[in-house]
Amino acid sequence: MSKTVFRNGTVVTANGPVTADVEVAEGVIVAIGEAIGSGGDDVREVDCEGLWVGPGFVDIHTHLREPGHEYKEDTESASRVAAAGGYTSVVAMPNTDPVIDSGHLVRYTIERGREVGLVEVASAGCVTAGRAGEKLAHLDDLWAAGVRMFTDDGDVVADAGLLRRAMDYLAQLGGVVAQHAIDPGLARAGHMHEGAVASGLGMYAIPSAAETVVVARDIELVRLTGCNYHVQHISAAPTVELVAAAKREGLPVTAEVTPHHLAFTDGDVRATDPAFKMMPPLRTEADRAALVAGLQSGVIDVVATDHAPHADHEKDVPFEHAPNGVIGLEWAAAVVNDRVGLDPVRFFEAMSVKPAAIARIAGQGRWLGVAEPANITVFDPQGITDVRDTRSKSRNAPYFGRSYTGAVRYTMYAGAMTYEESGVLV
Ligand SMILES: [Zn+2]
């Protein structure tokens, strides 16, 4: 029987970090302790001295671009990128072509993930039919196919009555509505954050209020319905305050922040490089600091990448004409470690445990322990990630040419190594 033993790492368990070995056999953690698992011919020893050994990362905001936009990314390329970033599971966003608003497309998405076999692919489903914002999707059909997270990501669910009905229904089932919280009227024609930098550039811009008005309204709907509600890609300091207040009130409200909103500000947009164009836009240094503090304190529950590939011919155009979105699965953990500096427990909580809980992915995001599935990421908090190239089909990212402290060393999914620092396996 082949075994893997991760030796002498800082192992993040339900009782906190311990210095120990982790022994894996047949896809399961069979022992955690000192000097275990020796002997036998078929033992792979992995030296983890000085490294963190914790549950595999879970990204609850990934654009696989399949079906429909495979020239940007597909399930296979995205899975390789995710494995290299330390991820063992991703939640596919439903703004594909066709959009994922029915059960058979959910089953297709999950099955494609299984065929590739490098990460567990879960699928979000649309809130509205055709993602058109006019009537509800068949939420029962989506639920039966396994959807637990419902979102029209790429667009806000603007109609409060429609959203309320979705929340009434999903509150009974225990699903979560994830909102791309940007008011379309306030965001109309804007390309970046509304502030001094946009004024200097003479660019149409988007105020922070475009986000806060939606979240404030939606929190009222949470009070009305009791439905789980998740703020996607939170970007503005006042929104962090709204989420904090909702949590103090005991409402089932969670939030995610992207690596790029933790790393950059609207000042980085001055050169009008489309690699810094995304929705919501990069905001001010005060906003960035509020996001960092929110992630540290847990007001912002999780990191989610909003990995959004676009081809060069789409993105290499004047800033105003470029589509929104950047890739980031490969470097998210390094960026978070470098810019936020979480302790190992909070780090794995934000990268793995809470994302899996929000998206309700069983078997992922579980603190390491005996009999738990062997979905494991080994992270070096002192390592250096030099961003020079990518495994994605697309290259639209603001990270190229930069270095971040922190590096993914190994990723194990279902007991098999899917990545080690020399490159992707399989
Ligand atoms: Zn979005």
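Where is Pro-98 found? Pro-98 lies in the loop between strand E7 (87-92) and H2. Helices (H or I, at least four residues) and strands (E, at least two) are DSSP runs, numbered from the N terminus.

This is a predicted model, in which local features need pLDDT of at least 70 and side-chain atom pairs count only at pLDDT 80 or more, while totals for chains, interfaces and linings use all residues. Residues are numbered from 1 along each chain as its sequence is written, and side-chain values use heavy atoms, with hydrogens and water left out.

**Backbone points to look at**

Pro-98 is also the place of a cis peptide bond: the bond from Asp-97 to Pro-98 has omega near 5°. A cis bond also runs from Glu-66 to Pro-67, with omega near 5°, and Pro-67 sits in the loop between strand E6 (57-62) and H1.

Two residues other than glycine have a positive phi. For Ala-189, phi is near 70°; Ala-189 belongs to the loop between H5 and strand E11 (192-193). For Asp-306, phi is near 50°, and Asp-306 is placed in the loop between strand E15 (302-303) and helix H11 (312-315). Asp-306 is buried at 9% relative accessibility (buried means under 20% relative accessible area, exposed over 50%, partly exposed in between, with a 1.4 Å probe and protein chains only).

**The zinc site**

Which residues are the protein donors of the zinc ion? They are Asp-153 (OD), His-180 (ND1) and His-233 (NE2), lying 1.9 to 2.2 Å from the ion. Donors here are N, O and S atoms within 2.8 Å of the metal (3.2 Å for Na, K and Ca); water is not among the atoms, so sites may look incomplete. Along the sequence the donor residues follow the spacing D-x26-H-x52-H. Asp-153 and His-180 link distant parts of the chain, 27 residues apart: Asp-153 is in the loop between strand E9 (149-150) and helix H4 (160-173), and His-180 is in the loop between strand E10 (176-179) and helix H5 (184-187). Asp-153 is buried, with a relative accessible area of 2%, and His-180 is buried too, at 7%.

**How the helices pack**

Three helix pairs are set side by side below. Axes are lines fitted to C-alpha atoms, for helices over the stretch in contact, and angles run from 0 to 180 degrees between N-to-C directions.

| Helix pair | Axis distance | Crossing angle |
|---|---|---|
| H1 (residues 75-84) and H2 (residues 103-116) | within 9 Å | roughly 60° |
| H8 (residues 237-248) and H10 (residues 285-297) | within 8 Å | roughly 30° |
| H4 and H7 (residues 209-225) | 10 Å | about 40° |

Angles under 35 degrees count as roughly parallel, over 145 as roughly antiparallel, 65 to 115 as roughly perpendicular and the rest as oblique.

The axes of H1 and H2 cross at roughly 60°, which makes H1 oblique to H2. Their crossing is right-handed (the near helix is turned clockwise from the far one by less than a right angle; anticlockwise would be left-handed). Thr-75, Glu-76 and Ser-79 of H1 make the contact with Arg-112, Gly-113 and Val-116 of H2, where contact means heavy atoms within 4.5 Å. By class these residues are one nonpolar, three polar and two charged (Ala, Val, Leu, Ile, Met, Phe, Trp, Tyr, Cys and Pro count as nonpolar, Asp, Glu, Lys and Arg as charged, and the others, Gly among them, as polar).

The axes of H8 and H10 cross at roughly 30°, so H8 is roughly parallel to H10. Ala-237, Pro-238 and Val-240 of H8 touch Ala-286, Asp-287, Ala-290, Leu-291 and Gly-294 of H10. This contact divides into six nonpolar, one polar and one charged.

H4 and H7 pack at an angle of about 40° and are therefore oblique to each other. The crossing of H4 and H7 is right-handed. From H4, Ala-160, Leu-163, Arg-164, Met-167, Asp-168 and Ala-171 meet Arg-217, Asp-218, Leu-221, Val-222, Leu-224 and Thr-225 in H7. The contact has seven nonpolar, one polar and four charged residues.

**Two more residues**

Arg-80 is in helix H1 and is partly exposed, with a relative accessible area of 27%. Gly-33, in strand E3 (residues 28-33), is buried at 17%. Leaving aside neighbours within four places in sequence, Gly-33 is in contact with Ala-20 and Asp-21.
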